[in-house]
There are 4 protein chains.
Amino acid sequence: MVGGSKKGQIGKVHRKAINLHGKAKIVCGAFSRNFNDTLDLGKELNLSEERLYKNYEEMAEQERSRPDKIDFVSIVTPNKTHYEISKKFLQCGINVMCEKPFTCSSQEAEKLRILAEKNDLLLGISYSFTGYSMIRYAREMIRRGEIGEVRFVNAQYLCDWMAKVPFRGKNKQQDWRSDPKLSGISNCVADIGSHVENLIYYLTELRIESLSARIDHFIEQDGLDDNASILVNYNNGARGIYWTSQVTIGHENNLNFGIYGTKGSIEWSRENANFLKVSTIEQPFSVVTRGNDHIDDYIKQDYVTPGGHTEGYIDAFGRIYDKFISAIIQQKNGVQSNKSDLEFKTAESGISGMIFIEKCIESATHEGVWVNI
Amino acid sequence: MVGGSKKGQIGKVHRKAINLHGKAKIVCGAFSRNFNDTLDLGKELNLSEERLYKNYEEMAEQERSRPDKIDFVSIVTPNKTHYEISKKFLQCGINVMCEKPFTCSSQEAEKLRILAEKNDLLLGISYSFTGYSMIRYAREMIRRGEIGEVRFVNAQYLCDWMAKVPFRGKNKQQDWRSDPKLSGISNCVADIGSHVENLIYYLTELRIESLSARIDHFIEQDGLDDNASILVNYNNGARGIYWTSQVTIGHENNLNFGIYGTKGSIEWSRENANFLKVSTIEQPFSVVTRGNDHIDDYIKQDYVTPGGHTEGYIDAFGRIYDKFISAIIQQKNGVQSNKSDLEFKTAESGISGMIFIEKCIESATHEGVWVNI
Amino acid sequence: MVGGSKKGQIGKVHRKAINLHGKAKIVCGAFSRNFNDTLDLGKELNLSEERLYKNYEEMAEQERSRPDKIDFVSIVTPNKTHYEISKKFLQCGINVMCEKPFTCSSQEAEKLRILAEKNDLLLGISYSFTGYSMIRYAREMIRRGEIGEVRFVNAQYLCDWMAKVPFRGKNKQQDWRSDPKLSGISNCVADIGSHVENLIYYLTELRIESLSARIDHFIEQDGLDDNASILVNYNNGARGIYWTSQVTIGHENNLNFGIYGTKGSIEWSRENANFLKVSTIEQPFSVVTRGNDHIDDYIKQDYVTPGGHTEGYIDAFGRIYDKFISAIIQQKNGVQSNKSDLEFKTAESGISGMIFIEKCIESATHEGVWVNI
Amino acid sequence: MVGGSKKGQIGKVHRKAINLHGKAKIVCGAFSRNFNDTLDLGKELNLSEERLYKNYEEMAEQERSRPDKIDFVSIVTPNKTHYEISKKFLQCGINVMCEKPFTCSSQEAEKLRILAEKNDLLLGISYSFTGYSMIRYAREMIRRGEIGEVRFVNAQYLCDWMAKVPFRGKNKQQDWRSDPKLSGISNCVADIGSHVENLIYYLTELRIESLSARIDHFIEQDGLDDNASILVNYNNGARGIYWTSQVTIGHENNLNFGIYGTKGSIEWSRENANFLKVSTIEQPFSVVTRGNDHIDDYIKQDYVTPGGHTEGYIDAFGRIYDKFISAIIQQKNGVQSNKSDLEFKTAESGISGMIFIEKCIESATHEGVWVNI
């Protein structure tokens, strides 16, 4: 693992997600640019000191030449560094699971995709929300045509941590996310807009053809964006509104969506992640839960938490890692995975996410002009 | 009452709303262009047959010359006729309560405003949602600065009756609403967008400075709009998204909003009209109900339904009429109402609504270009 | 109307409920034992001063001899007086709508039933909750066997006004409800337990065969009950728990129930009165709303509020009065109503309620021994 | 691990819960009485074949003599076997984590407690619900007196799997749970009533002084109970209702409670495990989430899932194991744990649970007579 020291939250989540299925374990790390922090966490995790590294270059170089070298690296650093770190590990022949947003430009993303392909390595992006069972079931319903042809999508990712001003210096994550030197061209669209773009594509398989965006800087007038309103047109003629915000007081990672088709609709919210509201024309709406018998077997088989109990973020996150690790195990066993079978998000998703971010910023800097993708 | 025969729903609601407070009663009507329908309903309502009229012109003319002439007329006909009917009654010296949208153009709306003013008559628009107690309390909270300066507004009005295709000929209201000859330049924006525009202004007192709109025609490609996505910029720098739709299967008059300020937020939905979600920074969110002791006295005094029981649409609608009728009683008693004291929506709101509709259509027909208001 | 001065809330609700349908109007009253209060309210209601009475006896006597005598009286006084007042009006040949609990003993209740029958008068009890459309629909579902045979009922009526101590002298209703001289043998069971007993019988048509009750006096150790836990056995072998409380902080008239059958279940709460949760075995649960097309026509025809808008307490209350008033109109037209057709609660319900209250107190005073009904 | 083959669900959950924190790993097992099943699962888990055992006796005997013997055993077999298996491992000097209900009688439970104490071993009961962060916070609130003195508790555990008749032979868990030879004297009270008893004690620290129970056999007239209504009196004078059911169609592990005190109340439901409804007198109710800043640090430090994301069953379950495993690590490091510091449920809770079950059955078989505890 690169990044993920005890000062942030996200490293801890990745580590538990890796542990959950008992198929992989963390053996080395460069958790921080401050080596003491790395040593400190390494000790807590019972890692061998010789596999605690000062920086990612050292880690990549030394691990590549070990007989027991790592099977994959998990990269949980600020956005700006994703590209260089991913590149390094791919060059050293090590599979990569990278946090989103994938890179800071679509060109970088494309370069990584090519590099991984050339070296025959797996390159995953940890879009965690696609791991929720109800999301997987929603996708099946849409695929089966249960809501008909999609007409409209309304999707939001709302949080409020940027509204807690003044925050500079109080919270490590907040500091870097709002800093263009570490975050890239966007804060809000990149951090949470990318989840929305990915999730809706995952669910509907609709491509965005054009978009019009308005981005706002409520907290720091001259800093990065903290709120974005994006109108999108899809390739099948459907329309959508994406709204992402870090200043909507009262919301905590409230990723939610409604997908409205010709025959019905599906609605979901992270706040009630175990329920799926399903409406069909002229019927009472119904609420699907993980405990329902008719959930597809391939989804049920992946349950960690029994249907009827509460599935959480760690189940979803663990599922992403489980799919990635299982693909690595197959790879090690010489089984060639068909790309379309991979149940985790790959470089293609990362590239698509970067283009989305770039186009949003482009539209917004030209008064919301519609731009094609 | 003009319009409101037994074939539609809305006339019945108006009549009950008028009854509720026992201060006015219906004495005459031209309920339908089909006189038999008027006679039929008139009989049911125990009205004297001589006051059942063949059309609105006859009603206005005859009532004006009666010693016991009506104090006001309630107009619940299709949009396209609002202007002529309102004009006629105002010319005959009769106060008017008109359904929204007020007219079919802002010029017409302005003409009516001037006519009413010249004749010293009351001209109300029945924007029913502003009558809910929790809406009235939300407005007080915002006025008192409890959520700070407003930064963002997200407001939606979602329904699904247009998704029930093919509907032509099956439902009277559906037929006229989607027909430009009866509805004017817009169906969806005019019918429900106008509620959103009015409600958010009522709550925040923020003026829309510019907007960018995309309107959709999902059901009838060459008919009127049935879905609209509108980005708005307010005069204080705040931003907003309005989304109104008649094709979102699973929603029934789901008017809902979130208003996000620098200190907190307020969220409400018609589906849970008796609850107001209030969030303030770094606190658990709270839910205000009508039963809470700290609700302002002037709001509590207007309760029909005791706090702790369920207030509904008829309470809200009845309140609008009660305020209108009370103003008429004052007028009759020679008390001059100060315009700013009127607690129902007047021609000014109607004009503002018409401008909003016109500008949305203008923007949408030019690829969502931002237009100033 | 007897009782219902401006100092309490309930009189106002009754008056609006009577107004709503425009079929009856209030013409006289003895609103208070303080005649000034009666005069005051009478003036506000535009009543003729000669029909404002010093007490109920005077009202009954004088009205009986008027050519335009009232068609019915509405009694909204404290429990202890219901019997005498109802008796007086029935003796004077006037129909009666009485607040619940009907009387202070089942014998009194039975006497009134006989008196009304003898004089061929209508005697209604204003159990308001049975007027909600979703309650009426729930009953239809159960009748049609959609949840199979009922096995278990869980019903609660929770409020918290008694928890606001010390309250004596602060609130008129609170004072008399907790005073045995005005309330009778029970406060909590009588006031809200009676609603539960009535509502569940209305829905299921199951008779309670035996019960075991524990009653509590949390606020005033030596006063009337403010909380009750009641186990009931029904005549079909089904079982139930009724819990009613006036000290559950955070609840306001939260009447709610779940009815569980062999094929499915129905759940409802006053807090979300427009929704009915319906579960059937091995299916996602669904939520029926008043806007659903398949609601029975006889229920839809009684909507005041269109499906898709919020129906409230006043719709429910108004419906009870409307059914009562319609029966009186039929009576005046010489149409004989079949008792089983009456869609309001009659003396039989009042008697059943009184027996329930008496048996609860009997069981509770003997350590919860099971008593037969 | 003893029990927990692939045919059931619960073993899988225990294994993931053990994995989650990366502090322990599964090394041996007797997962089934069918040795092939044990071999099959052992292979999947990459266990050494020599540590897959034919039965628990073999496992206990052989493990006790290995230099790398297990630190603890997890027992996830049917109730009836808990006692013998626990006894065996304790006798072999191995710490035990046992599923609830602990044993089949309070005497057995007491014997195990003494045995563990004598051998200085840790003996935990996996009451998983006490691991939810919001439950831990609720307990803190009650301890701090935020709702005042507790007056009333309403707690339910509702599920519907027994309502899916005929089920015999279709589902392994269902088969044994309803079979007295494997389940003991009770099915419903033992399986889910024990959770309620434990959770409410955990939260309130109130002891049940006496209880009156009615148990039902809706599915199998002559089988074990599937529904129970229990009135309880606590040692501080508070009262409670516990209702547990396996036939309430529409509910899945819906453990929920309301705790009502003199100053406020706390309500929680497994279905919305990340939210805690908190009401205080004369205030709007508020909803506490894990993301709130004021949650106690010791609770936040144990978060696996960051505040603002969805915590699930596996977080709760993992937390119980983490506390147990941490105590074992301390034990191995020679640190003596103070019993009151243990943050998992010990034999005392198991004994208390067994007494509760026995007293419920005793009361129910004597027509609900109140029995002292």
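Student: In this predicted model, how many residues of chain C are in contact with chain A?

Tutor: Contact is counted here for heavy atoms within 4.5 Å. On the side of chain C that touches chain A, the classes are four nonpolar, four polar and two charged residues. Chain A contributes ten residues to this contact, and the number from chain C is ten.

Student: Which three residues of chain C supply the most area buried against chain A?

Tutor: Chain C and chain A bury about 870 Å² between them, with 61% of it from carbon and sulfur atoms. Of the area that chain C buries, 51% comes from three residues, more than from any other three. They are C:Pro284, C:Phe285 and C:Val287.

Student: How many salt bridges are there between chain C and chain A?

Tutor: A salt bridge needs a side-chain nitrogen of Lys or Arg within 4 Å of a carboxyl oxygen of Asp or Glu. Between chain C and chain A there are two residue pairs in polar contact, both residues at pLDDT 80 or more. The count of salt bridges between these chains is zero.

Student: What area do chain B and chain A bury between them?

Tutor: The size of an interface is often given as the accessible area lost when the parts come together. Here the contact takes 40 residues from chain B and 40 residues from chain A. Carbon and sulfur atoms account for 61% of the buried area, which is about 3,300 Å².

Student: Which residue of chain A meets B:Arg239 in a salt bridge?

Tutor: The rule finds two salt bridges across the interface of chain B and chain A. In one of them, the side chain of B:Arg239 is 2.7 Å, N to O, from its partner. That partner is A:Asp216.

Student: Which strand of chain B gives the most residues to the side that touches chain A?

Tutor: Elements of chain B that give two or more residues to this side include strand 5 (150-158), strand 6 (208-216) and strand 7 (227-234). The top contribution is five residues. It comes from strand 7.

Student: What is the volume of the second largest cavity?

Tutor: The structure holds nine cavities of 30 Å³ or more. The second largest is lined by 14 residues, with A:Glu271, A:Asn274, D:Glu271, D:Asn274 and D:Thr310 nearest its centre. By class, its lining has four nonpolar, six polar and four charged residues. The volume of this cavity is about 100 Å³.

Methods:
Residues are numbered from 1 along each chain as its sequence is written. Chains are lettered from A and ligands numbered from 1 in the order in which they are written. This is a predicted model: local features need pLDDT of at least 70, side-chain atom pairs count only at pLDDT 80 or more; totals for chains, interfaces and linings use all residues. Side-chain values use heavy atoms; hydrogens and water are left out. Buried area is the accessible area (1.4 Å probe) that two parts lose on being put together, summed over both. Helices (H or I, at least four residues) and strands (E, at least two) are DSSP runs, numbered from the N terminus. On a 1 Å grid over the protein atoms alone, a cavity is a set of points where a 1.4 Å probe fits but cannot get out, and a pocket is an open set with protein on both sides within 12 Å along at least five of seven lines; lining residues have an atom within 4 Å of a point. Grid points are joined across faces, edges and corners, and a volume is the space filled by probe spheres set on the points. Ala, Val, Leu, Ile, Met, Phe, Trp, Tyr, Cys and Pro count as nonpolar, Asp, Glu, Lys and Arg as charged, and the others, Gly among them, as polar. A polar contact is a pair of N or O atoms within 3.5 Å; within protein, one must be able to donate a hydrogen and the other to accept it, and residues adjacent in sequence count only if both atoms are side-chain atoms.
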